[in-house]
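Here is a short report on one protein model. Look at the sequence and the structure first, then read on.

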Amino acid sequence: MLLSRYQFELLEAGCDEAGRGCLAGPVFAAAVILPDDFEHELLNDSKQLNEQTRYQLRVEIEQKAIAWAVAPVDNVEIDAINILNASFLAMHRAIDQLKLAPQFLIIDGNRFNKYKSTPHQCIVEGDAKYLSIAAASILAKTYRDDYMKQIAAQYPEYDWHKNKGYPTVKHRETVLALGCTPYHRRTFRVSDPQLDLFNK
């Protein structure tokens with residue numbers, strides 16, 4: 001069962017991102033402040049849930065959260081500052097947009113660039129331990145998926161409506177055959193899937 005808070009003295013927001021490992025599209029991050037009595041038996045790390053459940057939970061999170069926000073950092077910015085810093089920047093942007101300023105942050109992962117003077121705690125696999133981080137993971141994932149489905153119509157060959165920009169075999173083969181789109185991250189290396197099979 002996921003925990004409601006890391007600490008109980010300060011107003012706490014959970015933060016997570018989606019899309020770090022993708023070849024194309026932005027990285028999205030979310031920040032969520034949940035009420036102390038929030039609970040949902042299905043709420044978990046977004047990677048453990050199917051698409052339908054993620055979207056159902058998104059509605060509940062948005063309705064019941066004290067505050068929530070989602071923000072992207074696009075592929076051009078990712079190439080300029082690297083994906084790790086872009087993930088932190090997306091989280092900062094999401095926190096900036098919260099209608100209430102959090103007094104404490106819990107961050108999924110083991111690293112974070114400090115946000116202003118707000119204290120924080122990094123938690124490895126935090127999206128499977130704390131409700132607010134799990135909620136943030138769901139918002140970041142679903143809003144990013146929505147974006148990738150939207151731009152998929154411009155470049156249908158890359159199959160983004162299915163792979164959401166992740167490096168599937170078909171996505172990599174298409175990049176190697178047709179090249180990059182304006183949405184691709186130019187600093188990300190694309191390997192030949194046939195070489196992957198050869199090297200196993």
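Why is strand β4 largely enclosed by the rest of the structure? Residues 104-108 form this strand, and 5 of the 5 are buried, so β4 is largely enclosed by the rest of the structure. Keep in mind that the model is predicted.

**Strands and their partners**

Take the two sides of β4 in turn. On one side sit Phe104, Ile106 and Asp108, all buried. On the other side sit Leu105 and Ile107, and they are buried too. Both faces of the strand are therefore covered, since buried means under 20% relative accessible area.

Strand β2 gives a second case. It spans residues 27-33, and 7 of the 7 are buried, so β2 is largely enclosed by the rest of the structure. One side carries Val27, Ala29, Ala31 and Ile33. The other carries Phe28, Ala30 and Val32. Both faces of β2 are covered.

Strand β3 is mostly covered: 5 of its 7 residues are buried.

Which strands pair, and in which sense? The table lists the pairs, with one facing pair of residues for each.

| Strands | Bridges | Sense | A facing pair |
|---|---|---|---|
| β1 (residues 12-18) and β2 | 5 bridges | antiparallel | Asp16 and Ala30 |
| β2 and β3 (residues 67-73) | 7 bridges | antiparallel | Val27 and Val73 |
| β1 and β4 | 4 bridges | parallel | Glu12 and Phe104 |
| β4 and β5 (residues 120-123) | 4 bridges | parallel | Asp108 and Ile123 |

Now follow the links from strand to strand. Start at β3, which is joined to β2. From β2, go on to β1. Strand β1 also pairs with β4. Then β4 is joined to β5.

**Two helices that pack**

Now turn to the helices. Two packed helices are described by the angle between their axes and the distance between the axes. Helix α1 covers residues 51-64, and helix α4 covers residues 131-152. They pack at an angle of about 115°. Their axes are 9 Å apart. The crossing of α1 past α4 is left-handed.

Which residues of α1 make the contact? They are Glu51, Arg54, Tyr55, Leu57, Arg58, Ile61 and Glu62. The α4 side includes Ala135, Ile138, Leu139 and Tyr143, along with Asp145, Asp146 and Lys149. How many residues of the contact of α1 with α4 are charged? The contact has 8 charged residues, 7 nonpolar and 1 polar.

Ile138 is worth a visit. It lies in helix α4. Its relative accessibility is 0%, so Ile138 counts as buried. What does Ile138 touch, beyond residues up to four places away in sequence? Its contacts include Arg54, Leu57, Arg58 and Ile61, and also Leu43, Asn44, Ser46 and Leu49. Ile138 and Leu57 are 81 residues apart along the chain, yet their C-alpha atoms are separated by 7.6 Å.

**Two more helix residues**

Is His92 buried or exposed? His92 is in helix α3, residues 83-97. Its relative accessible area is 17%, so His92 is buried, as the cut-off is under 20%. Apart from neighbours within four places in sequence, His92 is in contact with Phe112, Asn113, Lys114 and Tyr115.

Ala80 is found in helix α2, residues 75-81. Its relative accessibility is 63%, so Ala80 counts as exposed, because the limit is over 50%. Ala80 and Gln52 are 28 residues apart in sequence. In space, the two are 34 Å apart, C-alpha to C-alpha.

**The cysteines**

How many disulfides are there? The count comes to 0. Why is Cys15 not bonded to Cys122? The sulfur of Cys122 is the closest cysteine sulfur to that of Cys15, but the two are 10.0 Å apart, which is too far for a bond. A disulfide needs the sulfur atoms within 2.5 Å. Cys122 is in no disulfide either. Cys15 has a relative accessible area of 0%, so Cys15 is buried.

Technical notes: Residues numbered from 1 in each chain as written. Predicted model: local features only at pLDDT ≥ 70, side-chain atom pairs only at ≥ 80, totals over all residues. Heavy atoms only, no water. Axes fitted to C-alpha atoms, helices over the stretch in contact; angles between N-to-C directions. Helix = DSSP H or I, 4+ residues; strand = E, 2+ residues; numbered from the N terminus. Left-handed = near helix turned anticlockwise from the far one by under 90°. Contact = heavy atoms within 4.5 Å. Nonpolar A, V, L, I, M, F, W, Y, C, P; charged D, E, K, R; others polar. Buried < 20%, exposed > 50% of the residue type's maximum accessible area, 1.4 Å probe, protein only. Pairing = 2+ DSSP bridges.
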